[in-house]
Amino acid sequence: MQRGEDGVWSITTNPLDPDFYGYSFVADGVALIDPSNPLMKPNLLNTQSEVHVPGPASLSWEVNDVPHGVIHHHFYRSGVVGDQRDYYVYTPPATSPGDQAIPVLYLLHGFSDMPAGWTAVAGPT
């Protein structure tokens, strides 16, 4: 980044491919999220701000004018670690509890990502 004469820091990059890109600011050795950007990737160790470079509607993360399902947030007590945990379940459009069996997609993150990671960043479309 470069600081302009007006005191504002900025950066210019080559054109980026459509995607979600994470970034943070480092001030005095501390990584900080962008306070002016509400889009962020939650993470237990390294939360980042994000920028969305939009692409064609055919990309799986782009929001399209199609029926959308519902994300359900659930809580449970873990017998292994002895605390409260949470998880998310996505149900396709036009389904409700008690409907016939439907396919299930389990999205689990690795060590440091939070349960909301899949829904906070480019959730089901």
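**A walk through the strands, a pocket and some loops**

An open sheet of 3 strands runs in the order E3-E7-E6, and its pairing is antiparallel. E3 and strand E6 (40–41) stand at the edges with a single partner strand each, so one side of each has no neighbour in the sheet. Keep in mind as you look around that this is a predicted model.

Let's follow the pairings one at a time. E3 and E7 run antiparallel and are joined by 5 bridges. If you find Tyr 21, you can look across to Val 51 in E7, which is its bridge partner. On to the next pair: E6 and strand E7 (residues 48–53) also run antiparallel, with 2 bridges joining them. Here Met 40 stands opposite Ser 49 in E7, and Lys 41 stands opposite Gln 48 in E7. E6 and E7 form a hairpin, with 6 residues between them. A general rule helps when you look at any regular strand: the side chains alternate between the two faces of the sheet.

Now stay in strand E7 and pick out Val 53. Is Val 53 buried or exposed? Its relative accessible area is 19%, and the cut-off for buried is under 20%, so Val 53 counts as buried. Which residues does Val 53 touch, leaving aside those up to four places away in sequence? They are Leu 16, Asp 17, Pro 18, Asp 19, Tyr 21 and Glu 62. Tyr 21 is the residue we met as the bridge partner of Val 51. Val 53 also shows how folding brings together parts of a chain: Val 53 and Pro 15 are 38 residues apart in sequence, while their C-alpha atoms are 9.5 Å apart in space.

Next, let's visit a pocket. Rolling a probe the size of a water molecule over the atoms shows where empty space is left. The second largest pocket has a volume of about 270 Å³. Its lining is made by Met 1, Ile 11, Thr 13, Leu 16, Tyr 21, Gly 22, Tyr 23, Phe 25, Asp 34 and Val 51. Which element gives the most to this lining? It is strand E3 (residues 19–23), with 3 residues. You may recognise Tyr 21 and Val 51 in the lining, the two bridge partners from the sheet. Sorted by class, the lining of this second largest pocket has 7 nonpolar, 2 polar and 1 charged residues.

Another pair of strands awaits further along the sequence. E8 and E9 run antiparallel and are joined by 8 bridges. Within this pair, Phe 75 stands opposite Asp 86 in E9. E8 and E9 form a hairpin with 6 residues between them, and Gly 82 in the turn has a positive phi of about 75°. The loop between strand E8 (70–77) and strand E9 (84–91) holds Ser 78. Ser 78 is buried, with a relative accessible area of 9%. Not counting residues up to four places away in sequence, Ser 78 touches Asp 83 and Arg 85.

Tyr 90 has its place in strand E9. This residue is partly exposed, with a relative accessible area of 31%. Tyr 90 and Leu 105 are 15 residues apart in sequence, and from C-alpha to C-alpha they are 7.7 Å apart in space.

For a second loop, go back to the stretch between strand E4 (25–27) and strand E5 (30–32), where Asp 28 lies. Asp 28 is exposed, with a relative accessible area of 83%. Its phi is near 55°, a positive value in a residue other than glycine.

Finally, step back and take in the whole protein. How many helices and strands does the protein have? There are 1 helix and 9 strands, and read along the sequence they follow the pattern β-β-β-β-β-β-β-β-β-α. Of the 125 residues in the protein, 14% are buried, Val 53 and Ser 78 among them. The accessible surface comes to about 9,700 Å², and 58% of that belongs to carbon and sulfur atoms. Among the contacts in the protein with a separation of 6 or more, 45% are between residues 24 or more positions apart.

How values were computed:
Residues are numbered from 1 along each chain as its sequence is written. This is a predicted model: local features need pLDDT of at least 70, side-chain atom pairs count only at pLDDT 80 or more; totals for chains, interfaces and linings use all residues. Side-chain values use heavy atoms; hydrogens and water are left out. On a 1 Å grid over the protein atoms alone, a cavity is a set of points where a 1.4 Å probe fits but cannot get out, and a pocket is an open set with protein on both sides within 12 Å along at least five of seven lines; lining residues have an atom within 4 Å of a point. Grid points are joined across faces, edges and corners, and a volume is the space filled by probe spheres set on the points. Helices (H or I, at least four residues) and strands (E, at least two) are DSSP runs, numbered from the N terminus. Ala, Val, Leu, Ile, Met, Phe, Trp, Tyr, Cys and Pro count as nonpolar, Asp, Glu, Lys and Arg as charged, and the others, Gly among them, as polar. Two strands pair if DSSP finds at least two bridges between them. Buried means under 20% relative accessible area, exposed over 50%, partly exposed in between (1.4 Å probe, protein chains only). Contact means heavy atoms within 4.5 Å. Accessible areas come from the Shrake-Rupley method with a 1.4 Å probe; for residues, only the protein chains shown count as cover.
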